[in-house]
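Trainee: Could we go through this model together, asking each time what justifies the label that is used?
Mentor: Gladly; let us look at the structure and then set each value against its cut-off.

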Amino acid sequence: MLYKTPTYYEFKVKRDDARCIRCQVCVRQCPYNSTFYDEEEDRIYNIDANCVGCHRCDTFCPTDCITISRVGENFKENANWNAWAIRNLNKQANSGGILLTGMGSDRPYHIYWDHIVVDASQVTNPSIDPLREPMELKTYLGRKPDLLEIEDTKSAQHGYDIKNIKLKTKLAPQLELNIPIMFSAMSYGAINYNVCEALAMTAEAMGTYYNTGEGGLHKNLYKYGKNTIAQVASGRFGVHLDYLGVSAAIEIKIGQGAKPGIGGHLPGEKVTKEVSKTRMIPEGSDALSPAPHHDIYSIEDLRQLIYALKEATDYEKPVSVKIAAVHNSAAIASGIVRAGADIVAIDGIRGSTGAAPLMIRDNVGIPAELALAQVDQRLREEGIRNWASVVISGGIRNSADIVKAIALGADAVYIATPALVAVGCTVCQKCYLGKCAWGIATNDPYLARRQNPEIAAERLSNLLTAWSREIKEMLGGMGLNAIESLRGNRERLRGVGLTEKELNLLGLKHAGEGM
């Protein structure tokens, strides 16, 4: 007996045939074979089951004759069995495989940024106009000393002059950021060379940093080394002395917000000749990162790797350790700082990825906001907050989120999804297929050339410039003229619509409560 199950698809492509001029732009733009041209009938048809909703075809249609919409499912939903659950179940019944996805979790978990509001100055503490008065966003990442020793290089008879003051304390290596925003880890192979170059160009132009991810660094990008954070992950792909030496800092990746507790996988189809050369693996082979580092099973082991990397780079570069936001992040971060890390990066449950098991992405980890607040509080209570900087990522969407993150205790933020959206990403979550219609998460030369590094870098620079201006406006509104004055200053935040437990975890008062 033939067993037939319904075919579930997410999107319907509607075409106004009267307006369609058969230019076949949509056919050429779609890499998913969702659109084809029938020469005999002189008509363009769609295979809706192949559509991923990337909107490349309707964006470039010259006559605006294409509309893409989500379809109504042909089954009865209820509160427990919704379209998402039934569609995924049937995919697995058909394939017997693990469900994969890309980008960050889209489950309706509490977005705490949207339940936090910022204070503003009124009468007694006047606000500051950033257009008229200097406003400082410069940020330094790295270990800070417990105290500073200074000496006056001139005798007392000349009087006090700041120019005569000399710092006696030797500072640990620092990353100097003009703005408290960096580009998060996106590896060469997961995204193509053009996008990597655009990130590097922007980091250099804006005085910030971009992270290589676990894919190594293409030799053509070594010239951007002073704005590069070199990641060392469990697979050690592309890790060698030149790679470490050319970078400004090193990051040990322990975990990732989109897939805490598991390793990474770059499909062999994305491992081109150049990717294989950079990652130091055979062309066309899958790049599999193990879940743990096989030389790290304790904080002591981690300390050994931290100092091995410091020694390999003559103690001239700060070393960061990246973890996923999990239930005991505060205790883990404390151990990492005591192990010698100069920076702790925490990636929340909404952190993005090129590929992850759907169930892991959506059900493992905690929101970045809660982890950040608890880590900052724990380090302060233990008197070691100055030993390391804290960088947060996973769910940052705009400049207001950044202001709130810094007030909660972050020194800076990592962004990835906003950067990709700025260069064309429509968050269709199909990065793992390697067919990105916008030329981002693909190494297909025909598709990759859709990203022009110069144009992409200009758009990324515009984004960071706009956010910097908004951060200055918000600082001015609070009567602050430096980002340093906001860091960890939770009195400038209030919670709205949160439970007492959530407010306690975030270290916030409810809106309406005074100082």
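Mentor: In this predicted model, leucine 266 is in contact, beyond its neighbours within four places in sequence, with Gly189, Ala190, Val271, Val275, Arg279, Ser285, Asp286 and Ala287. Leucine 266 is found in strand β15, which covers residues 265-266.

Trainee: What makes leucine 266 count as buried?
Mentor: Its relative accessibility is 7%, and buried means under 20%, so leucine 266 is placed in that class.

Trainee: What is the distance in space between leucine 266 and serine 289?
Mentor: The two C-alpha atoms are 8.7 Å apart, while the residues are separated by 23 residues in sequence.

Trainee: How do you know that cysteine 20 and cysteine 65 do not form a disulfide?
Mentor: The sulfur of cysteine 20 has its closest cysteine sulfur in cysteine 65, at 4.5 Å, whereas a disulfide requires the sulfur atoms to be within 2.5 Å, so the pair is too far apart for a bond. The same reasoning applies to cysteine 431, because its closest cysteine sulfur, in cysteine 425, is 6.2 Å away and too far for a bond. A search of the whole structure accordingly reports 0 disulfides. As for accessibility, cysteine 20 is buried at 11%, and cysteine 431 is buried at 14%.

Trainee: Why is helix α11 described as largely enclosed by the rest of the structure?
Mentor: Helix α11 spans residues 399-408, and 9 of its 10 residues are buried, so the helix is largely enclosed. Among the buried residues are Asp401, Lys404 and Leu408.

Trainee: What makes asparagine 398 a cap of α11, and at which end?
Mentor: A side-chain oxygen of asparagine 398 lies 3.1 Å from the backbone nitrogen of alanine 400, at the N-terminal end of the helix, and a polar contact needs the N or O atoms to be within 3.5 Å. Just after α11, glycine 409 takes a positive phi of about 135°.

Trainee: Why is the pair of arginine 397 and aspartate 114 called a salt bridge?
Mentor: The N to O distance between the two side chains is 2.7 Å, and the limit for such a nitrogen and a carboxyl oxygen is 4 Å, so the pair qualifies. The partners belong to distant parts of the chain, 283 residues apart, with arginine 397 in the loop between β20 and α11 and aspartate 114 in the loop between β5 and β6. Both are classed as partly exposed, arginine 397 at 36% and aspartate 114 at 47%.

Trainee: How do you know that glutamate 204 and lysine 226 also qualify as a salt bridge?
Mentor: Their closest N and O atoms are 3.8 Å apart, which still falls within 4 Å. Glutamate 204 lies in helix α4 and lysine 226 in the loop between β12 and β13, so the pair ties together parts that are 22 residues apart in sequence.

Trainee: Are the partners in the bridge of aspartate 376 and arginine 490 buried or exposed?
Mentor: Aspartate 376 is buried at 1%, and arginine 490 is buried at 10%. Salt bridges that share partners join Asp376, Arg380, Arg385, Asp411, Glu484, Arg487 and Arg490 into one network. Between aspartate 376 and arginine 490 themselves, the N to O distance is 3.0 Å.

Technical notes
Residues numbered from 1 in each chain as written. Predicted model: local features only at pLDDT ≥ 70, side-chain atom pairs only at ≥ 80, totals over all residues. Heavy atoms only, no water. Buried < 20%, exposed > 50% of the residue type's maximum accessible area, 1.4 Å probe, protein only. Helix = DSSP H or I, 4+ residues; strand = E, 2+ residues; numbered from the N terminus. Contact = heavy atoms within 4.5 Å. Polar contact = N/O pair within 3.5 Å; in protein donor to acceptor, adjacent residues only side chain to side chain.
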